[in-house]
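Trainee: I am new to this structure and would like a close look at a single part. Could you take me slowly through one helix and its surroundings?

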Amino acid sequence: MKFPTNSPYHSAAAVLKILSDGGFRALLAGGCVRDMLLSRTPKDYDIATNATPAQVRKLFPNSRLVGAKFGVVLVRRNEHDIEVATFRTDGVYTDGRHPDEVTFGSEQDDARRRDFTINGLFLDPKTEEIIDYVGGRDDIQQGVLRTIGDPDRRFAEDYLRLLRAPRFAARLDFKIEPSTSEAITKLAPNLAHISPERIWMELEELITSRSREKGFHLLVELGLHQHLSPEFSPAKDQCEHIAAVLGKSTGDTIDPAQAVAALLGGLSRSSAQKVCRSLRLSNRITDDALWLLASLAPASQAISLELADFKILMAHRAWPMLTDLFRANLMAKDADLSPHLNLVKRAGTIPENTVTPPPLLPGAALIEMGVVPGPLFGKVLNAVYRAQLNEQIDTPLEAQSLASSLLEQSN
Ligand code: ATP
Ligand code: MG
């Protein structure tokens, strides 16, 4: 593979060389080796070494310890953070989430503690040799995702691996080996033991990435979808629809809010809100996803919607997502696409500078007219602004006289 000289690969190579010149064994490990064998560009390059964290820190002044308990040092190099982890064997997992302790171990131990065979490979940069203690190379060749060792035991150590399996299988278009997939289905309810933040980290990648349609199908096939959140248990045909909406959405990756809206399309607002809360989604994602869900109905009324309401839809930051989600929904239902065309056409007739114009009647002007801030104040201000968006008024004078007549009516 060819990499530009400022690539993370070169940063990792430099770190590997310094470790090796220091007399330590240092290998590329895990996902990056898998991706290089598949001719995919790795997201990041992780290094495994027999140097202890203290020894690593000594060699790299520009480094910091992350998760001291887990023996990982983050080395900063040419603006890239490279994770350097000491070979280790993970200790007992009493909670099915985190190892209680970490013991430094051999290179083999470090391969065997990893989740799937395809993630358990090392690459020695000196010899360019792949070091395979777990049969990962064959599985990469065959396109098979398989746990390292007994699936029941390996999933019980960390139930997050249940979700990692479909994520990797979908992304790489791999088959899940039968005893691995049987174990996933059997153990699926144990997702409840995993923190919502960790679940969302895996789920987000699964439903937003290029392989999101396949990812969601796999989630359903494995029976994992019912255990993501207590409020979320879509029926079979709804699952089909969700997968299709994800698939029809445009873009290599999609915004998480759009993906969440696709996921929660069949729910009431309050249930959707509960799911967002249970997954601890950010306010941004929650607000946009709920807005998207609430705006699908008005979007379908594109032609008859009052101009002000249409402009208010267009003014929202998630508007581009709304048009895409609306189209994907129609496509997923095999429905006529003319409602989408109407939506986009009408938007095209509205000049950008009229979507959120500065108000003809600002609050200060209403105060000057002698109105005190309060419920009526807000009501009048809003009504005048709507009239402006509706293009019923277009001068400050007209705005003031409208405000006056509204105030009179309210007396
Ligand atoms: P990605 O390209 O999505 O980053 P990755 O394989 O690099 O995929 P990471 O989550 O970054 O995955 O983890 C790096 C490596 O650490 C994995 O390849 C795997 O060897 C190991 N690993 C990560 N999470 C777990 C886990 N929950 N259980 C066991 N091993 C894990
Ligand atoms: Mg990674």
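Mentor: What follows is a careful walk along one helix, with a short look at a loop and at the domains.

This is a predicted model, in which local features need pLDDT of at least 70 and side-chain atom pairs count only at pLDDT 80 or more, while totals for chains, interfaces and linings use all residues. Residues are numbered from 1 along each chain as its sequence is written, chains are lettered from A and ligands numbered from 1 in the order in which they are written, and side-chain values use heavy atoms, with hydrogens and water left out.

The helix is α8, residues 178–187 (helices are DSSP runs of H or I with at least four residues, strands are runs of E with at least two, both numbered from the N terminus). In α8, the residues T180, S181, A183, I184 and L187 are buried (buried is under 20% relative accessible area, exposed over 50%, partly exposed in between, with a 1.4 Å probe and protein chains only). Seen down the axis of α8, these buried residues fall within an arc of 160°, so they line one face of the helix (the arc is that of the directions from the helix axis to the C-beta atoms). The face turned away from that buried side carries the exposed residues P178, E182 and K186. On the buried side, the residues of α8 pack against β10 (144–145), α6 (151–157), α7 (161–172) and β11 (175–176) (contact means heavy atoms within 4.5 Å).

Turning to the loop between α9 (196–208) and α10 (212–221), S209 lies there and is buried, with a relative accessible area of 11%. Not counting residues up to four places away in sequence, S209 touches D252 and T253. The domain assignment, which is automatic or from a database, gives domain 2 as 143–228 and domain 3 as 249–356, among others.
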